[in-house]
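Reader: I would like to go through the charged pairs in this protein. Could you take me through them?

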Amino acid sequence: MVKRVEHIGIAVRDLARAEAVYEALLGVGAYKRETVESEQVLTSFFQAGGTKIELLYPLSESSAIHRFLDKRGEGMHHIAFEVEDIREEMARLRRAGFRLLNEEPKRGADNKLICFVHPKSCHSVLIELCQSVDD
Ligand code: CO
């Protein structure tokens, strides 16, 4: 079951400048920065009402965010839906014919297990499923 939009991911070329803009926009500063080593990405999180904004900055040329910025420029990168049981949702979507980008859930930022759904399956929007984990 999908619970809510957990966050919206935005790819940026200059994290400090983007943080200043989103702080001005939302009236509140980023509550944390977190590196996701496996994705070669530095993230910065803002609370925005009942959801969050996740700024995504590439740490190397091997990062998918680097390739995204090259191809599409800055902007919205993904919408993340919080789900109760990510494995169950992945199985449900597979059965429904969606193309998943991960075989197994992987570790994302902000204490989450995540999985991406291919944009081709979702009218050109990259969808992230995420499930909160405790540690
Ligand atoms: Co995300």
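Author: What follows concerns salt bridges and the burial of their partners. This is a predicted model, in which local features need pLDDT of at least 70, side-chain atom pairs count only at pLDDT 80 or more, and totals for chains, interfaces and linings use all residues. Residues are numbered from 1 along each chain as its sequence is written, and side-chain values use heavy atoms, with hydrogens and water left out.

Reader: How many salt bridges are there in the whole structure?

Author: The search finds 13, a salt bridge being a side-chain nitrogen of Lys or Arg within 4 Å of a carboxyl oxygen of Asp or Glu.

Reader: What does Lys-112 pair with?

Author: Lys-112 forms a salt bridge with Glu-6, at 3.4 Å from N to O. Because Lys-112 lies in strand 7 (residues 112-117) and Glu-6 in strand 1 (residues 2-11), the pair ties together parts 106 residues apart in sequence. Strands here are DSSP runs of E, at least two residues long, numbered from the N terminus.

Reader: Are those two buried or exposed?

Author: Both Lys-112 and Glu-6 are buried, meaning under 20% relative accessible area; exposed is over 50% and partly exposed is in between (1.4 Å probe, protein chains only). For Glu-6 the value is 1%.

Reader: Turning to Asp-110, which residue is its salt-bridge partner?

Author: The partner is Lys-52, at 3.0 Å from N to O. Asp-110 is in the loop between strand 6 (106-108) and strand 7, while Lys-52 is in strand 4 (residues 51-58), 58 residues apart. Asp-110 is buried at 10% relative accessibility, and Lys-52 is buried at 11%.

Terms used
Helices (H or I, at least four residues) and strands (E, at least two) are DSSP runs, numbered from the N terminus.
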